Amino acid sequence: MKSVYLDKIRSQNPLVHTITNTVAAHFSANGLLAVGASPLMSAEPVEAECLSHISRALVINIGTLSGKDPQAMLAAGRFANRAGIPVVLDPVGVAATAYRRETVARLLDEVRFSVIRGNAGELAYLAGVGWQAKGVDAGEGDADRAEIARIVAEQYGCVAALSGATDYISDGRRAAQIANGTPMFEKITASGCLLGAICGAFAAVADGAVFEAVCEACTAYAVAGERAAAALQPSELGQFGVRLLDELGALSAETVTHQARIVYA
Amino acid sequence: MKSVYLDKIRSQNPLVHTITNTVAAHFSANGLLAVGASPLMSAEPVEAECLSHISRALVINIGTLSGKDPQAMLAAGRFANRAGIPVVLDPVGVAATAYRRETVARLLDEVRFSVIRGNAGELAYLAGVGWQAKGVDAGEGDADRAEIARIVAEQYGCVAALSGATDYISDGRRAAQIANGTPMFEKITASGCLLGAICGAFAAVADGAVFEAVCEACTAYAVAGERAAAALQPSELGQFGVRLLDELGALSAETVTHQARIVYA
Amino acid sequence: MKSVYLDKIRSQNPLVHTITNTVAAHFSANGLLAVGASPLMSAEPVEAECLSHISRALVINIGTLSGKDPQAMLAAGRFANRAGIPVVLDPVGVAATAYRRETVARLLDEVRFSVIRGNAGELAYLAGVGWQAKGVDAGEGDADRAEIARIVAEQYGCVAALSGATDYISDGRRAAQIANGTPMFEKITASGCLLGAICGAFAAVADGAVFEAVCEACTAYAVAGERAAAALQPSELGQFGVRLLDELGALSAETVTHQARIVYA
C-alpha cells in the first residue's frame with residue numbers, strides 16, 4: 001500500500017463533524033487534530049444543518065448515547081447525506097442494550113453510511129452472526145471475521161472496518177487484512193472511537209475511494225500504535241495514550257507506506 | 001493486608017456500569033481498564049435495566065449532575081439493587097448546592113448503597129457533622145475523620161471510605177486507616193472520582209466481603225499513586241495523571257501486599 | 001510586567017464556576033487546579049444561584065453547546081452579575097452556526113461580561129469585521145487583530161483577549177501585545193478553552209484590575225507553553241498537553257515576570 005490520503009488530510013485540513021461519547025471526546029478531538037483534520041464536536045440537532053454545509057465528513061459514535069442524542073444523530077446523518085459528505089458509524093456496544101440496538105437500527109434505516117467501524121462483537125451483531133459481546137468490549141466468538149466484515153459491507157452498502165489484533169476491511173466485493181497494531185490499543189479506552197473518527201478524516205479526502213481511504217486510515221493508525229508501543233512497557237498504558245497522539249502527529253506518508261502490513265484478498 | 005481482590009478483577013474483568021461526570025469520564029474509564037475491569041459509561045435511564053443484567057457493579061458519581069441525570073441514577077440504582085449487584089455512591093460536592101443535597105437525599109432514600117466514598121467535606125455533610133467544605137474540595141474541619149466514616153457507615157448501612165492524606169474506612173463496626181498515598185492526588189482532578197469507580201470494580205468481585213474489598217481498593221490505589229509520584233517532581237501533575245494509569249496497569253497483588261500501610265482498629 | 005496575580009490565585013484558591021464543553025472539561029479542570037484555582041464544573045441551571053454565592057468567577061464556554069446549556073449559561077451569568085463576580089465568555093466557533101450566533105447574541109444582551117477571550121475568527125465575528133473563520137479554528141483574515149480586540153472591548157464594555165501567535169489584549173482604551181507562546185498550542189484541542197478558564201481564575205483575584213489580570217493570565221499561560229515545548233519535538237503534541245499542565249503547576253511569579261514579552265500600546 002502506498003499512502004495517499006494522509007498527506008491530503010494534512011494539506012486540506014477537512015472539518016470533521018463528530019458526534020461522540022463523553023469518554024472519547026477529548027482524545028478523539030486531539031487525535032483528529034494530530035492527523036491534520038479539524039475536529040468540530042457537536043451533538044445539538046439544531047445546528048446539524050449548518051454544520052453539514054461546512055463539514056467534509058460526519059462521524060456518529062453511540063458510546064454514551066443519551067437524551068436527544070438519537071435525534072441529533074438522525075438529523076446530522078440526513079443533512080450529511082443531503083450534502084453528499086461521507087458518514088461513519090461507530091456502533092459502540094450496540095448489542096448491549098435494546099436502546100442501542102433500536103437507535104442503531106433506526107440510524108441504519110434512515111441514514112446512508114459510507115463506513116461502519118467497530119469491534120468483532122459490534123459488527124457480528126450487525127451482520128446477524130452469533131457472538132458473545134461484552135458491554136462495549138469485543139467479547140468472544142467463533143465466526144469468521146473477514147466474513148462478518150463482508151456481510152456488514154454488503155448488507156448496508158458501505159465499507160466495513162472490523163478492528164482487532166488483525167483489522168478486516170471490506171466493501172462487500174474487495175477485502176483487506178491489516179496485520180499492523182499492538183495489544184496496547186485494547187488497554188486504553190476510546191482507542192476504537194478515535195479510529196472511527198480518523199476513518200472520517202480519511203473518508204473526507206477520499207473523493208469516493210472510500211475503501212482505499214479506510215484501508216489507509218486503519219493501517220496508519222495501527223502503525224502509529226506500533227511506534228508508540230515500541231518504547232514502552234506493556235503496562236504503561238497511560239503513556240501509550242500520550243505517545244499515540246505524538247506518533248499520529250509525527251506520522252508521514254513514507255512511514256505508513258514503509259511499515260504497512262496489509263494484504264488484499 | 002494480603003491482596004486478594006486485584007487478581008480477581010484481572011481474571012474476571014467485571015463490567016462496571018459507571019454514571020460519572022464529564023470531567024472524570026475518560027480518566028475513570030482508563031483507570032478501570034487499567035485495574036482489569038470493563039468500564040461501561042452510561043447515564044441514559046432507558047438502558048439502565050438492560051445494563052443491570054450484564055453489570056457486576058454500579059458506580060454513581062454526581063460531579064456534574066444535570067438534566068435527567070438524577071432519574072438515570074435512581075433508575076440504575078433501583079435496577080442494580082434488584083439485580084443484587086453492589087452500588088457505589090460518590091457524592092461529589094454534595095454540600096455545595098441544594099440541588100446536589102436533594103438529589104443525594106433522594107438517592108440515599110431510594111437506593112441501597114454498598115459503598116459511599118468521598119472526601120472529608122462530603123462525608124461530614126452526610127454524617128451531619130459540622131465542616132467547611134469548599135465546592136467539590138474537601139475543605140477544612142475539626143471533626144474526627146474516623147468517626148465521620150463510622151457514622152456514615154452506620155447511618156446508611158454501607159461501607160464508608162473517607163479519602164484524604166489518610167484514608168478512613170468503616171463498615172460501622174470495623175475500621176481501617178490507610179497511610180499510603182501522595183499529596184499529588186489532590187493536584188489532579190478526578191483522582192477521587194477514579195477511586196470511587198475502582199471501589200466499584202473491587203466490590204464487584206467481593207462476594208459480599210465489601211469492607212475487605214474497599215480496604216484493598218483504597219490501598220491499591222494509594223500504592224499506585226505513591227509509585228507514580230516517586231519519580232516525579234511535586235509540580236509535575238500532568239505526568240502524575242499519566243503515570244498513575246501506568247502504575248495501576250502494572251500493579252500486582254504482591255506489590256499491594258508488600259507496600260500496604262493499613263491499620264485495622 | 002511584574003507578576004502579581006498568580007501568587008494571589010495560589011494563596012486564595014478561588015472557586016471558578018466553569019460551564020465548558022465536553023472536549024475541554026477534564027483538561028480545563030486540571031489546568032485550573034494547576035494554577036491554584038478550585039474548579040467546579042456545572043451546567044445545571046437549577047444550581048446556578050447556589051454556585052454564584054460560593055464562586056469567585058464564572059467562565060462560559062460554548063464549545064459543545066447543546067440542549068439546556070443556553071439556559072444554564074444565561075442563568076449562571078445573571079446570578080454572577082448579581083453577585084458581582086467577573087464573568088468570562090469563550091465564544092467557541094461562534095461564527096460557525098446560527099445556533100451559536102444566536103446564543104452568543106443573547107448572552108451578550110443579558111449578561112455583562114468582564115472578559116471575552118477567543119481566537120481571531122471568533123472575535124472578528126463579534127467585532128463585525130470580515131474574516132474567514134473555520135469551524136472552531138481561527139481561520140484566516142486580513143483585518144488588524146489589535147483593532148479587532150479594541151472593537152470587542154469597546155462594544156461590549158469588557159477586556160478582550162484575542163489569542164494566537166501573538167495575543168492582543170484590550171480594554172478599549174489600553175492595549176497590550178504578548179509575544180510569548182509556541183505553535184504547539186494550536187496542535188492540541190482545548191488549549192484556548194483552558195486559557196479562557198485561566199482568565200477566569202486571574203479575574204477572580206483581580207480586585208477590579210481585570211485588564212492587568214488578563215494580561216498576566218495570557219502571559220503566564222504562554223510562558224508555560226514555551227517552557228513545555230522547549231524539551232519536545234514539534235510533533236509531540238500528546239506530551240505537550242501533559243507538560244503544559246506540569247509547567248502550569250511549576251510556574252512561579254518570578255518566572256512569569258522574567259520571561260514575559262509583553263508590550264503595552
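Ala190(A) lies in the loop between β10 (175–178) and α8 (191–204) of chain A. The model is a predicted one. Ala190(A) has a positive phi of about 75°, although the residue is not a glycine, and it is buried, with a relative accessible area of 10%. The points below cover the backbone, one enclosed helix, the relation between the copies, and two interfaces.

**Backbone with positive phi**

- In chain A, the residue to note is Ala190(A), a non-glycine with a phi of about 75°.
- Its relative accessible area of 10% falls under the 20% limit, so Ala190(A) counts as buried.
- In chain C, Asn13(C) also takes a positive phi without being a glycine, at about 45°.
- Asn13(C) sits in the loop that runs between α1 (5–12) and β1 (15–19) of chain C.
- Asn13(C) is partly exposed, with 31% relative accessibility.
- In chain B, Gly128(B) has a positive phi of about 75° and comes just after α6(B).

**Helix α6 of chain B**

- Helix α6 of chain B spans residues 120–127, and 7 of its 8 residues are buried, so the rest of the structure largely encloses it.
- The buried residues of α6(B) are Ala120(B), Gly121(B), Glu122(B), Leu123(B), Ala124(B), Leu126(B) and Ala127(B).
- The N-terminal end of α6(B) is capped by Asn119(B), which places a side-chain oxygen 3.1 Å from the backbone nitrogen of Gly121(B).

**Relation between the copies**

- Two copies of a chain are related by a rotation about an axis and a shift along it.
- A turn of 120° with a shift of 0.0 Å along the axis lays chain C on chain B, with an RMSD of 0.0 Å.
- The two copies are therefore related as by a three-fold rotation axis.
- Within chain C, Thr22(C) has the C-alpha nearest the axis, at 3.6 Å from it.
- Chain A can be laid on chain C by a turn of 120° and a shift of 0.0 Å along the axis, and the RMSD is 0.0 Å.
- Within chain A, the C-alpha nearest the axis belongs to Thr22(A), 3.6 Å away from it.
- Only 4% of the interface residues of chain A are also interface residues in chain C, so these copies meet through different surfaces.
- For chain C the share that are also interface residues in chain B is only 4%, so these copies too meet through different surfaces.

**Interface of chain A and chain C**

- The contact involves 28 residues of chain A and 28 residues of chain C.
- Together the two chains bury about 2100 Å², of which 62% is on carbon and sulfur atoms.
- On the chain A side, His26(A), Glu47(A) and Asp246(A) lose the most area to chain C, together 23% of what that side buries.
- The interface of chain A and chain C has 1 salt bridge.
- That salt bridge joins Glu47(A) to Arg100(C), with the closest N and O atoms 2.8 Å apart.
- There are 8 residue pairs in polar contact between chain A and chain C, with both residues at pLDDT 80 or more.
- At least two residues each of the side of chain A that touches chain C come from α2 (25–35), β2 (38–41), α3 (48–54) and α10 (237–250) of chain A.
- By residue type, the side of chain A that touches chain C has 16 nonpolar, 7 polar and 5 charged residues.

**Interface of chain C and chain B**

- Chain C gives 28 residues to this contact, and chain B gives 28 residues.
- The buried area between chain C and chain B is about 2100 Å², 62% of it on carbon and sulfur atoms.
- In chain C, the residues that lose the most area to chain B are His26(C), Glu47(C) and Asp246(C), together 24% of what that side buries.
- Across this interface there is 1 salt bridge, and Glu47(C) forms a salt bridge with Arg100(B) in which the closest N and O atoms are 2.8 Å apart.
- Polar contacts between chain C and chain B come to 8 residue pairs, both residues at pLDDT 80 or more.
- On the side of chain C that touches chain B, α2 (25–35), β2 (38–41), α3 (48–54) and α10 (237–250) of chain C give two or more residues.
- The residues of that side of chain C divide into 16 nonpolar, 7 polar and 5 charged.

Key. Residues numbered from 1 in each chain as written. Chains lettered and ligands numbered in written order. Predicted model: local features only at pLDDT ≥ 70, side-chain atom pairs only at ≥ 80, totals over all residues. Heavy atoms only, no water. Contact = heavy atoms within 4.5 Å. Buried area = accessible area lost by both parts, 1.4 Å probe. Salt bridge = Lys/Arg side-chain N within 4 Å of Asp/Glu carboxyl O. Polar contact = N/O pair within 3.5 Å; in protein donor to acceptor, adjacent residues only side chain to side chain. Helix = DSSP H or I, 4+ residues; strand = E, 2+ residues; numbered from the N terminus. Nonpolar A, V, L, I, M, F, W, Y, C, P; charged D, E, K, R; others polar. Least-squares fit on C-alpha atoms with pLDDT ≥ 70 in both. Buried < 20%, exposed > 50% of the residue type's maximum accessible area, 1.4 Å probe, protein only.
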